[in-house]
Protein chains: 2
Amino acid sequence: MKIAIVLFEHCTALDAVGPYEVLSRWPGATVHMVGEHKGVVRTDTEMLGLHVDTTYDEIPDPDIIMVPGGYGQRDHREGSALHAWLQQADRHSTWTTSACTGSLILASAGLLTSRRATTHWLAYDDLAALGAIPASERVVFDDKYVTAAGVSAGIDMALTLAAEGLGEEMAQIMQLGLEYDPQPPFATGGPATAPQFAIDAVTAVRDLIV
Amino acid sequence: MKIAIVLFEHCTALDAVGPYEVLSRWPGATVHMVGEHKGVVRTDTEMLGLHVDTTYDEIPDPDIIMVPGGYGQRDHREGSALHAWLQQADRHSTWTTSACTGSLILASAGLLTSRRATTHWLAYDDLAALGAIPASERVVFDDKYVTAAGVSAGIDMALTLAAEGLGEEMAQIMQLGLEYDPQPPFATGGPATAPQFAIDAVTAVRDLIV
């Protein structure tokens, strides 16, 4: 069982590491941190480096693919190494997944055409423009394609995927191990409940997120 | 404003990266990923490398200190470089914080003696043995010391700290940017609500967590 989590320059750290923390505890699985070149990539805020251990051509046959977002996603359209790898690796995968604007990369590779999918709430229009059907849900399953909403939603996605793939008992064990009993300080973490000043402030820095 | 997030071999990735994702968006702050030596450390599951950019002696005066847990915490008792750095850096800090069993490192450095603090639910006894007063809460403030429960609780800790340090409006903006509107698949992420089979299964692998 091979799990490939993609890393690229200016990805969002938590998009990758939230799912990593769950998927790396999937019994019998090995997680490979995959990228174009081995070595350190800097995340979107530039203040954290994550290490690519495996190049795309070293893992043609992942069972699970996980693609993070972050504004660096804009570099991975047609002609990029990630775009080419996704198109062939997806033929092998049991599940192809994303967090945040990682779904824009999947969509641009043609993997979400006419499929229900989600992304960061700032990017629904971008997702539609790439041929998917945006859904404002936390985690969206459409056949083997599993997409998550913004950043932190990757944790919910990975645990939901674990419940699908391993059964609810194992997913509950994983959730308890990570003590994932979230108590966010505010009930305004999504656009449906957020105050207008917060929506305006996040929208103003859209280019740093999408 | 300098924020030091500590990295060490066999730390838990999400303990560090959850708070990182929040704190790296603290206006005017620079986050430094700090360790004994520059270069890559492997996290507890061995399948992810995080990069140390700054050595302890390069940052004697952080404003916020954040220490993750993971079973590697056991290497950072008296005589270690982290132990020595914490004792002096804490004299400068406005806030000294931890996620998961990172609080055991703070406690062993004498920083939590007779203070209320928390940790992963598997490690309350270890925290008490190091002189702190364990509290089974998600985030615990005692003066400038802010500790979080297991792994994922670091996100709640960092957002709560942001509300303290920057005000509730800014913290709400940060939370919305990360779309932190958690929807865990099960309501059993803590020991109070988890089924016995899950508690038994996690307890059985205690050495891989604490």
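This report describes the symmetry, interface and nonpolar core of a predicted two-chain model.

## Basis of the model

Residues are numbered from 1 along each chain as its sequence is written, and chains are lettered from A in the order in which they are written. In this predicted model, local features need pLDDT of at least 70 and side-chain atom pairs count only at pLDDT 80 or more, while totals for chains, interfaces and linings use all residues.

## Symmetry

A turn of 180° with a shift of 0.0 Å along the axis lays chain B on chain A with an RMSD of 0.0 Å (least-squares superposition on the C-alpha atoms of residues with pLDDT of at least 70 in both copies). The two copies are thus related as by a two-fold rotation axis. In chain B, Leu50(B) has the C-alpha nearest this axis, at 2.5 Å.

## Interface

Contact (C-beta atoms, placed from the backbone, within 7 Å) joins 59 residues of chain B to 59 residues of chain A. H6(B) gives the most to the side of chain B that touches chain A, with seven residues (helices are DSSP runs of H or I, at least four residues, numbered from the N terminus).

That side of chain B divides into 34 nonpolar, 17 polar and eight charged residues. Here Ala, Val, Leu, Ile, Met, Phe, Trp, Tyr, Cys and Pro count as nonpolar, Asp, Glu, Lys and Arg as charged, and the others, Gly among them, as polar.

## Contacts of Ile5(B)

Not counting residues up to four places away in sequence, Ile5(B) touches Ala16(B), Pro19(B), Tyr20(B), Val31(B), Met33(B), Val34(B) and Met66(B).

Note on methods
Two residues are in contact if their C-beta atoms, placed from the backbone, lie within 7 Å. Helices (H or I, at least four residues) and strands (E, at least two) are DSSP runs, numbered from the N terminus.
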